[in-house]
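Open the model in your viewer, set it to a cartoon display, and follow the stops below in order, making each selection before reading on.

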Amino acid sequence: MFQRILVANRGEIALRVIRACKELGVEVVAVYSQADRDAPYLALADRAICIGKSASTDSYLNIPRLIAAAEVADVQAIHPGYGFLSENPQFAEICRSCNFEFIGPPHEAIRKMGLKTEAKRIAAEAKVPSVPGSDGGAVSDADALRFARAIGFPVLIKAAAGGGGKGMRVCRDEASLAGALQTARNEAEAAFKNPSVYLEKYIDRPRHVEVQILGDVHGDVIHCWDRDCSLQRRHQKLVEEAPASYLPIEVRAKLGEAAVRLARTVGYYNAGTCEFLVDADNNFYFIEVNARIQVEHPVTEMVTGIDLVKQQIRIAAGEPLGIRQEDVVSNGHSIEVRINSEDPDHDFRPSPGKITGLRIPGGPGVRWDSHIQAGYSVPPNYDSLVGKLIVHAPTRPEAVARMRRALDELVIDGVKTTIPLHRTIFRNKDFIEGNVDTTWVERVLMPQG
Ligand code: ADP
């Protein structure tokens, strides 16, 4: 096992990794930008090193500064968290070439999976169905038209280098295709410095179901069952659950097997997620692999009892998985809500500032993963996730009731948050009955945007 690890991230996930290290008896070094100088979780690390100015490019995205911090602190491994450099194959490769183990998958696998069209090609090789699409990279206008006619409208134009729910555009008819392609290319160039776009069949009101996988460096791969993340606004997840309890067990088993096949095909190890869309007939289509720990990993931890972050560290240290597929059992139901410092009444614009009061819920089956405290100021420089409220209960109805109760206990004063939105969701009949899909928030709950 490593003696010392550096966490190349901030906020809630930095604290989550610090906690895992402490339980493993591994020393942990945190890094911070000037904006995070006073962040309370830094005191929980064995050491904290300033890596630069507040802008991400000067700090959490700055590879030379992170490597310098790792050298100064004399660590053996680097945990990238999620976001920032977590899925940057170059960062993973540089860490390893500087003799720091990157706590994540092989950089070759990150590189292949980062290009969505390449990921779909690998899925086909692994006999995993994908959404019908114009595979093979960028499309010309003529190819796009031919393709859209073949699969039928509506189609979804996607940025080949896209991510984070950005760079997607629905096109409903032939007349608007050329314009939509041009706008999508411009947006892709601006957001991802790569104008390539491709087309996919637009699946009608799908559910988003994803499978957690774990693999060791010795070639053993297992899945830790599924999560439903259908509750999204503008392709950003708001609520996540484990398991996708509306799916028949045979479908869930097939999804798990597909994810494992895919992981094996690219020689994947460490933690990862295979994302799928599921249509009304329970047909599933692979959309992408997330080659990192995900924001919503706690719901899988709650139902399986597996600590995914500790597993990541053990795997990176070369330990065998030591968990057999048949021993991974999904127990009860878990739900997570993302609490963002955003103003739901004003188009979810960020609401940074000082937290003047905080009441954290507790009681049976409640978990709070967050870096905030009363007196802490949410900086304006980074994403707006301030906490994850997670519940676990024997059944979905009990988990929904528990979350409703926990949300009523949670108070965050000083900044606007998504708490009121979640309180509404957990009192909504469609949601309570499980009748939601990825378009539900925009279609039913907030049709005005
Ligand atoms: P990103 O990498 O930006 O998160 P994904 O490919 O994972 O993009 O898709 C994010 C979300 O967009 C999905 O959860 C789903 O809601 C929607 N989506 C993606 N592809 C399709 C599709 N072909 N049809 C319908 N919805 C889609």
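Two strands are said to pair if DSSP finds at least two bridges between them. Keep that rule in mind while looking at this predicted model, where an open sheet of five strands follows the order β3-β2-β1-β4-β5 with parallel pairing. Select β3 (47-52) and β5 (101-102), which stand at the edges with a single partner strand each, so that one side of each is left without a neighbour in the sheet.

Next, select strand β1 (residues 4-7) together with strand β4 (residues 77-79), which run parallel and are joined by three bridges. To see one residue pair in this arrangement, show Leu 6, whose bridge partner in β4 is Ile 78. Strands of a sheet pair through backbone hydrogen bonds, so displaying backbone atoms is useful here.

Now add helix α1, which lies across β1, β2 (27-33) and β4, and which runs at about 165° to β2.

From here, colour the protein by its division into domain 1 (4-103), domain 2 (141-201) and domain 3 (207-446). The C-alpha centres of domain 1 and domain 3 lie 23 Å apart, and 27 residues of domain 1 are in contact with 24 residues of domain 3. On the side of domain 1 that touches domain 3, the largest share comes from helix α1 (residues 11-24), with eight residues. The residues on that side of domain 1 divide into 15 nonpolar, five polar and seven charged.

Move on to helix α4 (residues 107-114), and show the side chains of His 107, Ala 109, Ile 110, Lys 112 and Met 113, which are buried. What do the buried residues of α4 pack against? Adding α3 (89-97), α5 (116-125) and β13 to the selection brings up their packing partners.

The last stop is the ligand, which is surrounded by 21 residues, the closest being Glu 200, Ile 203, His 208, His 235 and Thr 438. The shell around the ligand draws at least three residues from each of domain 2 (141-201) and domain 3 (207-446). Select β6 (155-163), β7 (166-171), β8 (197-201), β12 (270-278) and β13 (284-290), each of which supplies at least two residues of this shell. Which strand gives the largest share of the shell? That share, three residues, comes from β6. Finally, colouring the shell by residue type shows eight nonpolar, eight polar and five charged residues.

Definitions and conventions:
Residues are numbered from 1 along each chain as its sequence is written. This is a predicted model: local features need pLDDT of at least 70, side-chain atom pairs count only at pLDDT 80 or more; totals for chains, interfaces and linings use all residues. A residue is near a molecule or strand if its C-beta atom, placed from the backbone, lies within 6 Å of it. Helices (H or I, at least four residues) and strands (E, at least two) are DSSP runs, numbered from the N terminus. Ala, Val, Leu, Ile, Met, Phe, Trp, Tyr, Cys and Pro count as nonpolar, Asp, Glu, Lys and Arg as charged, and the others, Gly among them, as polar. Domain bounds come from an automatic or database domain assignment. Two residues are in contact if their C-beta atoms, placed from the backbone, lie within 7 Å. Axes are lines fitted to C-alpha atoms, for helices over the stretch in contact, and angles run from 0 to 180 degrees between N-to-C directions. A residue is buried if 20 or more other C-beta atoms lie within 10 Å of its own, exposed if 12 or fewer, and partly exposed in between; C-beta atoms are placed from the backbone.
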